[in-house]
Amino acid sequence: MGIRQQKAEAAARAEIERLELRAEVDIRLEENRWEYYANCLGESLESFFPSDARRVEAARKICSMCVVKEECLEYALNNREDHGVWGGMSERQRRRILKQRRLV
Ligand code: SF4
């Protein structure tokens with residue numbers, strides 16, 4: 001088996017695991033417990049309240065693999081979380097989304 005096929009199979013397995021976890025999350029969401037599935041659990045809090053662009057990107061990378069990214073972002077938007085990275089979005093990106101929503 002070639003390296004490309006191995007990578008494709010590994011990616012397919014990861015996607016299946018993500019979808020299975022997502023299905024479990026959907027059930028838990030009814031209980032409003034999305035935080036239990038946060039990919040940032042166990043990460044230092046400071047990582048998600050970064051002081052420079054490099055650290056913002058590091059936090060966003062963790063968010064990119066998070067199955068509750070959408071819920072996290074909506075929570076932050078609804079609760080006007082002004083600081084930190086939430087749902088894979090920086091403070092500036094969230095402000096832009098809120099501004100766009102106000103315009104619609
Ligand atoms: S999207 Fe990012 S900040 Fe939100 S729960 Fe997931 S890993 Fe944590």
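pLDDT is the predictor's confidence in each residue, on a scale from 0 to 100. This is a predicted model, and the protein chain averages a pLDDT of 90, with 96% of the residues scoring at least 70. Going by means, confidence is lowest in helix H1 (residues 3-29), at 85, and highest in H2, at 96. Here's a quick tour of the chain, its core and its ligand shell.

**Overall layout**
- The protein chain has 4 helices and 0 strands, so if you read along the sequence you get the pattern α-α-α-α.
- Put a box around the C-alpha atoms along the principal axes and you get roughly 50 × 35 × 30 Å.
- Of the 104 residues in the protein chain, 15% count as buried.
- Take the contacts with a separation of 6 or more: 45% of them join residues 24 or more positions apart.

**The two ends: H1 and H4**
- Gln 5 sits in helix H1, and it counts as exposed because it has 9 C-beta neighbours inside 10 Å, where the cut-off for exposed is 12 or fewer.
- From Gln 5 to Arg 92 is 87 residues along the chain, and their C-alpha atoms are separated by 39 Å.
- Helix H4 covers residues 91-103, which is 13 residues, and runs 19 Å from its first C-alpha to its last, close to the 18 Å expected at 1.5 Å a residue.
- H4 is hardly covered, too: among its 13 residues, the count of buried ones is 1.

**The ligand shell**
- The ligand has 14 residues around it, and the closest are Ala 38, Cys 40, Cys 63, Cys 66 and Cys 72.
- Two helices, H2 (53-64) and H3 (69-78), each chip in at least two residues of that shell.
- By type, the shell residues split into 10 nonpolar, 3 polar and 1 charged.

**The nonpolar core**
- The largest nonpolar core holds 14 residues, and those touching the most other members are Ala 59, Cys 66, Val 68, Cys 72, Leu 73, Val 85 and Trp 86.
- H2 and H3 are the elements that give two or more residues to this core.
- Cys 66 and Cys 72 turn up in that list of best-connected core members and also among the residues closest to the ligand.
- Setting aside residues up to four places away in sequence, Val 85 touches Phe 48, Pro 50, Val 56, Ala 59, Arg 60, Cys 63 and Ser 90.

**Cys 63 up close**
- Cys 63 belongs to helix H2 and is one of the residues closest to the ligand.
- Is Cys 63 buried or exposed? It counts as buried because it has 20 C-beta neighbours inside 10 Å, and 20 or more is what buried takes.
- Once you leave out its neighbours within four places in sequence, Cys 63 is in contact with Asn 39, Lys 69, Val 85, Gly 87 and Gly 88.
- Cys 63 and Arg 80 are 17 residues apart along the chain, with 19 Å separating their C-alpha atoms.

**Arg 80, an unusual backbone angle**
- Most residues other than glycine have a negative phi.
- Arg 80 isn't a glycine, yet it has a positive phi of about 50 degrees.
- Where does Arg 80 lie? You'll find Arg 80 in the loop between H3 and H4.
- Arg 80 is exposed, because 9 other C-beta atoms lie within 10 Å and the cut-off is 12 or fewer.

Definitions and conventions: Residues are numbered from 1 along each chain as its sequence is written. This is a predicted model: local features need pLDDT of at least 70, side-chain atom pairs count only at pLDDT 80 or more; totals for chains, interfaces and linings use all residues. The expected span of a helix is 1.5 Å times one less than its number of residues. A residue is near a molecule or strand if its C-beta atom, placed from the backbone, lies within 6 Å of it. Ala, Val, Leu, Ile, Met, Phe, Trp, Tyr, Cys and Pro count as nonpolar, Asp, Glu, Lys and Arg as charged, and the others, Gly among them, as polar. Two residues are in contact if their C-beta atoms, placed from the backbone, lie within 7 Å. A nonpolar core is a set of buried Ala, Val, Leu, Ile, Met, Phe, Trp, Tyr and Cys residues joined through C-beta atoms within 7 Å.
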